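Grab a pencil and open the viewer. Here are a few exercises to work through, each with its solution.

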Amino acid sequence: MKRKIFATCMFALAMVLVTTVLPTSSASEDRTKVRPRDQFVPGRVLVKFRSNIGRDHARQIIAGLGGRDSDQIEVIGVHIVDLPFQASEHGFVQAFMSRPEVEFAELDQILPPEQMIPNDPLYDNPNSWSLPKIDAPGAWLINTGSANLTIAIIDSGVDGTHPDLAAQMVPGWNVYNNNADTSDVYGHGTAVAGVAAAASNNGVGVSSIAWGCRVMPVRVSDTTGWATASAIANGLSWSADHGARIANVSFYVTGNRTISSAAKYFLGKGGLVMVAAGNYGVSETIADDDNLVTVGATDAFDTLFSWSNRGRNLDLVAPGNVYTTVRGGIYGVAGGTSFAAPVVAGVAALVLSTKPSLTPKQVETILKQSADDLGLPGWDLLYGYGRINASRAVSAAQTDSGPSDTVAPSIAIMSPGSGAAVLGMVNVEVAASDNVGVMKGELYVDGALVATSTTAPFNLKWNSRKARAGQHSLHSKAYDAAGNVGASEPITVYK
């Protein structure tokens, strides 16, 4: 644990082994910890410039504000900026955000893996309920996964010597140390990998969802399981460039735009990214991220665990207690949204194995439309589109090329409010959602296009200095991958 940074906000993490029962106090500590919003790399911020800003211009802006462009995540255009000694990271974020050339700036958060230790009778139950619950046996009648399809496990590494994982592995990368050693330094990644694609039907160990698929280990964490946003983004980018079609990120990444940008890059390469909703028991108000499939955790009775996050960004839920592989060649029980996410990742891999020509968004739509609807009819804050159903998802992929998308995105200007007085550089916050995914947002002032962004949630800038004094009409548009266009109601502002 980085004690100098996290002395007051430690997050207890542990695996439950078949031979070891950890104190329940660890689990209750996990469930009551605050979300790690204040954990970040000191002296560093992440900055993405708008697409029309060249590298030299970007570096001039960084240098002009007193920063140093130490590195760049090339494929998504995010600069890793080192700050002067004792500089305020939050202050620099605001300074960059005030520049019209900047699309977004944020701290390089350090994020914990999202797991929980179960404390109920299922903890020691030898019969795993998660696979029958999602009707995995029905899916396996059609497909057990293709050896040509790779699932990237963006995590603490994977124990490639485990008897249920050794035959599943393809070469990965260690982003943390910048080398090829992807051995598991914490244990979390091995457990996550076993849920999605451990070897099965082999007479030993556990069963997984997509046992015919392959595992690509990408280590992004330190030895305590924590990872930076920049490392996770680099891991996603690396795995996208090396052929992974599914990626699992069992970390609490809600609202992180650098990781969202990397997920969008992964999407553009033909892949889909699953992430953990988080174990803080809160209702998120942040808008849905169309680049990520966010997964909450349910119990054996299809009830959302009290510690599983819910809210506007939730897409699906899946079983949050699993039997899986454990570092060192053994097996155990693990719980939390960390282990719900790879359930969905495994089902997505089965869908793509069944029909590899499906686009990522078609796969996502199949997962949502085939889910078992829980809670209120349709999408809701607690269960998203419902609990994943492997059999129905694979059947849908087998019988259809994917649902056609004719639904236009919905979009609204959230800030400034109608009737507001504006001056100088105006930040226009736009919320957009779609049944499949929003690809681009635009801002119009008096009918003329003034700003475009491809990173949701959209924060569009209008330089009102050049506008005449008086009344102006603002509206926005959102585009999805199928070309459907949604437009907001216009608002009136005054300069």
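The exercises below deal with pockets, a sheet and one serine, and the model they use is predicted.

**Exercise 1. Describe the largest pocket: its volume, its lining and the elements that supply the lining.**

Solution.
- Start with the space itself: the volume of the largest pocket is about 550 Å³.
- Next, look at the wall. There are 25 lining residues, and R50, S51, N52, E101 and T452 are the ones nearest the centre.
- Now sort by element. Two or more lining residues come from each of strand 2 (40–49), helix 3 (55–64), strand 21 (448–453) and strand 22 (458–463).
- Among the contributors, strand 21 gives the most, with four residues.
- Finally, check the chemistry: the lining splits into nine nonpolar, ten polar and six charged residues.

**Exercise 2. Do the job again for the second largest pocket: which element gives the most to its lining?**

Solution.
- Volume first: this pocket holds about 470 Å³ of space.
- Its lining has 25 residues, with I80, V175, S230, A231 and N234 nearest the centre.
- The elements that put in two or more residues are strand 2, strand 3 (68–73) and helix 8 (229–241).
- Helix 8 comes out on top, giving six residues to the lining.
- By class, you get 14 nonpolar, five polar and six charged residues here.

**Exercise 3. Work out the strand order of the three-stranded open sheet, and explain why one side of each edge strand has no neighbour.**

Solution.
- Trace the order: it reads 18-19-22, and the pairing is antiparallel.
- Strand 18 (410–415) and strand 22 are at the edges with a single partner strand each, so each has one side with no neighbour in the sheet.
- On average, neighbouring strands in this sheet are turned by 30 degrees against each other, ignoring direction.
- Zoom in on one pair: strand 18 and strand 19 (residues 425–433) run antiparallel and are joined by five bridges.
- To pick out one of these pairings, find A412 and go across to strand 19, where its bridge partner is A431.

**Exercise 4. Is S453 buried or exposed, and which side chain does its own side chain touch in a polar contact?**

Solution.
- Locate the residue: S453 sits in strand 21.
- Apply the cut-off: buried means under 20% relative accessible area. S453 has 1% relative accessibility, so it counts as buried.
- Then look for the partner: the side chains of S453 and E103 are joined by a polar contact of 3.4 Å.

How values were computed. Residues are numbered from 1 along each chain as its sequence is written. This is a predicted model: local features need pLDDT of at least 70, side-chain atom pairs count only at pLDDT 80 or more; totals for chains, interfaces and linings use all residues. Side-chain values use heavy atoms; hydrogens and water are left out. On a 1 Å grid over the protein atoms alone, a cavity is a set of points where a 1.4 Å probe fits but cannot get out, and a pocket is an open set with protein on both sides within 12 Å along at least five of seven lines; lining residues have an atom within 4 Å of a point. Grid points are joined across faces, edges and corners, and a volume is the space filled by probe spheres set on the points. Ala, Val, Leu, Ile, Met, Phe, Trp, Tyr, Cys and Pro count as nonpolar, Asp, Glu, Lys and Arg as charged, and the others, Gly among them, as polar. Two strands pair if DSSP finds at least two bridges between them. Axes are lines fitted to C-alpha atoms, for helices over the stretch in contact, and angles run from 0 to 180 degrees between N-to-C directions. Buried means under 20% relative accessible area, exposed over 50%, partly exposed in between (1.4 Å probe, protein chains only). A polar contact is a pair of N or O atoms within 3.5 Å; within protein, one must be able to donate a hydrogen and the other to accept it, and residues adjacent in sequence count only if both atoms are side-chain atoms.
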